[in-house]
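Q: Please take a close look at a single helix in this model. I would then like to see the aromatic rings, one further helix, two loops and the chain as a whole treated in the same careful way.

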Amino acid sequence: MKFNYDVLVIGGGHAGCEAASASANMGAKTCLVTMDMNKIAQMSCNPAIGGIAKGQIVREIDALGGQMGLVTDATSIQFRMLNVGKGPAMWSPRAQCDRGKFIWEWRRMLDQTPNLDVWQDQADELLVEHGEAIGVRTIWGAELYAKCVVVTAGTFLNGLMHIGRKMVPGGRVAEPAVAHFTESITRHGVVSARMKTGTPVRIDKRSVHFEDLEEQPGELRPYQFSYMNKKGALKQLPCWTVNTNAEVHEMLRSGLEDSPLYNGQIQSIGPRYCPSIETKLVTFPEREKHPLFLEPEGEDTNEMYLNGFSSSLPMDVQIEALKKMPAFRDVKVYRPGYAIEYDFFDPTQLYHSLESKIIPNLFMAGQVNGTTGYEEAGGQGTMAGINAALKAGFAGSSQGETYNPFVLHRDEAYIGVLIDDLVTKGVDEPYRMFTSRAEYRILLRQDDADARLTEKAYELGLAKRDRYEWWVEKKKAIEEIETFCQGFAIKPRLINSGLEALGTTPLQFGCKLAELVNRPQLNLQNLSEIIPQLKEILNRPINRQEEITEAAEVRMKYKGYIERERMVAEKMHRLENIKIRGHFNYEELQGLSTECRQKLMKIQPETLAQASRIPGVSPSDINVLLVLMGR
């Protein structure tokens with residue numbers, strides 16, 4: 001059997017679902033190939049979306065017209081805004097989800113997406129003709145052809161699971177590994193390597209003594225990820241915290257000689273920022289305890305996830321160690337934690353569009369690019385799906401013509417930072433996004449993703465009319481609040497008693513309301529209690545008024561910082577406009593350091609700005625290139 005499409009997406013995880021959805025919504029005839037239609041967008045590890053910097057990515061996916069925020073809101077059982085004690089550039093939304101309902105909500109989304117077919121099968125071989133990707137052949141012999149192929153295979157490529165000294169091939173527990181697909185790509189010159197990740201034990205909540213745990217409730221405020229959603233309907237549930245102790249550590253150490261991480265069984269590198277419990281013991285031997293978080297897997301299941309207890313130790317060691325904590329003295333588990341090794345492809349072999357530099361029309365997204373996390377995968381999937389559709393001839397380009405890829409810069413989105421880091425710097429461990437990776441954090445806040453991206457997505461045809469109109473309405477409402485505050489005159493005699501009650505210095509002279517908003521003790525909400533005209537504006541019958549008020553306040557309070565950071569970003573854009581790819585034979589440029597020449601030859605950066613971000617390329621090297629460019 002032969003099938004023909006515009007875009008073919010291999011893998012139904014978070015990257016694959018976003019890629020297929022984006023491509024189909026842009027009008028490309030798309031097929032999503034997945035091994036199990038009942039595990040689409042499976043949350044293989046923690047049943048949560050968002051977190052530090054990850055939450056910003058989800059907001060960006062939503063602003064681009066993606067689905068992750070919508071699905072999360074519909075299936076959320078706890079929402080928290082992290083880092084609210086810091087400035088708004090650091091605020092990060094996070095939601096605990098119902099794992100099973102998350103899958104079926106994604107399935108419902110995909111079923112309702114025009115131009116999208118789903119084929120349940122396993123890709124066995126990438127089909128390449130004249131050096132270009134043209135489709136895949138499956139293990140059942142189906143041949144699916146497409147103008148562009150997006151590979152989002154997660155941890156399935158030659159996946160190998162470890163529990164103690166026991167090793168079982170698989171891409172996830174109880175799911176088979178994909179044995180030959182990597183080789184069908186590397187035979188064309190693409191370089192692959194191995195990475196490792198892991199997941200914790202799953203616990204039966206009926207066996208837990210909750211009186212020995214500390215409850216961690218969610219937010220009372222109606223936070224949500226998607227700008228388009230109404231409040232979710234699921235029951236909100238608490239999470240719980242507990243600490244390990246000396247007895248737990250002693251039991252875990254007794255199993256280290258059988259740990260695949262320390263007996264030579266696993267050679268690849270795991271995620272630095274999500275280490276296994278045994279790695280914590282070895283790396284921090286002085287620590288007497290480590291925090292763990294017990295999180296529900298859904299609103300009507302007994303399965304619970306023990307965050308912080310990722311492990312590949314023998315199952316008896318894991319279970320006996322758990323019993324050394326009072327809350328788990330009678331613990332029953334559904335399955336122990338395990339580690340998994342899998343193939344990935346060096347992301348420096350990709351353009352910023354996520355298309356392969358070696359095999360044209362082949363795009364890659366997610367863990368196959370060396371990242372970790374649902375959000376990082378979803379962001380890459382969105383961009384790969386957009387660019388695959390563009391190259392296939394949708395949104396203004398034609399197949400075979402030179403197309404203009406859709407690329408987000410580092411000052412436009414965390415997704416832009418993520419992809420630029422991958423293709424410019426490469427990875428030597430699973431890449432995880434943090435706010436510290438972005439140099440323009442004040443411009444990349446979680447509250448303004450729609451301001452940065454929705455109009456771009458609407459021009460592409462990805463964000464639909466309702467999303468665009470909501471952004472226009474929100475933008476107008478924010479500007480009305482700002483205009484009012486900048487123009488409304490405050491008289492000291494009418495407001496000083498109220499200011500003193502709010503713990504701030506009374507006025508000596510009159511001022512504009514915007515000046516009061518800038519005071520740290522004041523905000524629009526408490527000022528509205530003493531200024532009736534402001535309260536009237538903030539209580540308008542408009543959707544998501546609280547979110548609009550918060551966005552307007554952030555823009556006013558941090559106006560100077562935002563403008564200064566935007567000026568810095570604009571200076572960097574001058575280097576972004578200097579194209580250098582194909583201009584130089586770096587081997588012959590003796591004015592550059594040896595390391596610089598080697599790195600430039602490997603990465604082949606598109607612009608001078610990208611070259612400046614490559615490790616080993618110094619400012620003096622950039623100056624040499626500027627001189628050679630006549631700048």
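A: The answer starts with one helix and works outwards to the whole chain.

This is a predicted model, in which local features need pLDDT of at least 70 and side-chain atom pairs count only at pLDDT 80 or more, whereas totals for chains, interfaces and linings use all residues. Residues are numbered from 1 along each chain as its sequence is written, and side-chain values use heavy atoms, with hydrogens and water left out.

Helix α12 covers residues 465-487; helices here are DSSP runs of H or I with at least four residues, strands are runs of E with at least two, and both are numbered from the N terminus. The expected span of a helix is 1.5 Å times one less than its number of residues, so the 23 residues of α12 should span 33 Å, and the 33 Å between its end C-alpha atoms agrees with that. Its buried residues are Arg467, Trp470, Trp471, Lys474, Ala477, Ile478, Ile481, Glu482, Phe484 and Cys485, where buried means under 20% relative accessible area, exposed over 50% and partly exposed in between, with a 1.4 Å probe and protein chains only. As background, an α-helix has 3.6 residues a turn, so residues three or four places apart point the same way.

The rings come next. Rings of Phe, Tyr and Trp (its six-membered ring) pair if their centres lie within 6.5 Å, and the planes count as stacked under 30 degrees apart, edge-to-face over 60 and tilted for the rest. The count by this rule is eight aromatic pairs. In one of them, Tyr273 and Phe434 have ring centres 4.5 Å apart and planes at 70°, so the pair is edge-to-face. This pair links distant parts of the chain, 161 residues apart, with Tyr273 in the loop between α6 (246-254) and α7 (277-283) and Phe434 in the loop between α10 (414-425) and α11 (449-460). Tyr273 counts as partly exposed, at 41% relative accessibility. Phe484, for its part, forms a stacked pair with Phe488, at 5.0 Å centre to centre and 25° between the planes, and Phe484 counts as buried because its relative accessibility is 18%.

Two charges also sit over rings, a term that requires NZ of Lys or CZ of Arg within 6 Å of the ring centre and within 35 degrees of the ring normal. Arg437 lies over the face of Tyr431 at 4.2 Å from the ring centre, and Lys29 over that of Tyr5 at 5.2 Å.

In helix α13 (residues 492-501), Leu499 is buried at a relative accessible area of 0%. With contact taken as heavy atoms within 4.5 Å, and residues up to four places away in sequence not counted, Leu499 touches Thr504, Thr505, Pro506, Leu507, Leu516, Leu522, Leu527 and Ile530.

Two loop residues other than glycine have a positive phi. For His130 phi is near 55°; this residue is in the loop between β7 (123-129) and β8 (132-138) and is exposed, at 78%. For Asn158 phi is about 50°, and its place is the loop between β9 (143-151) and β10 (160-163).

The protein chain as a whole has 21 helices and 21 strands. Its radius of gyration, taken over C-alpha atoms, is set against a globule rule of 2.2 Å times the number of residues to the power 0.38; the 26 Å found is close to the 25 Å that the rule gives for 631 residues, so the chain is as compact as a globular protein of that length. Buried residues make up 57% of the 631.
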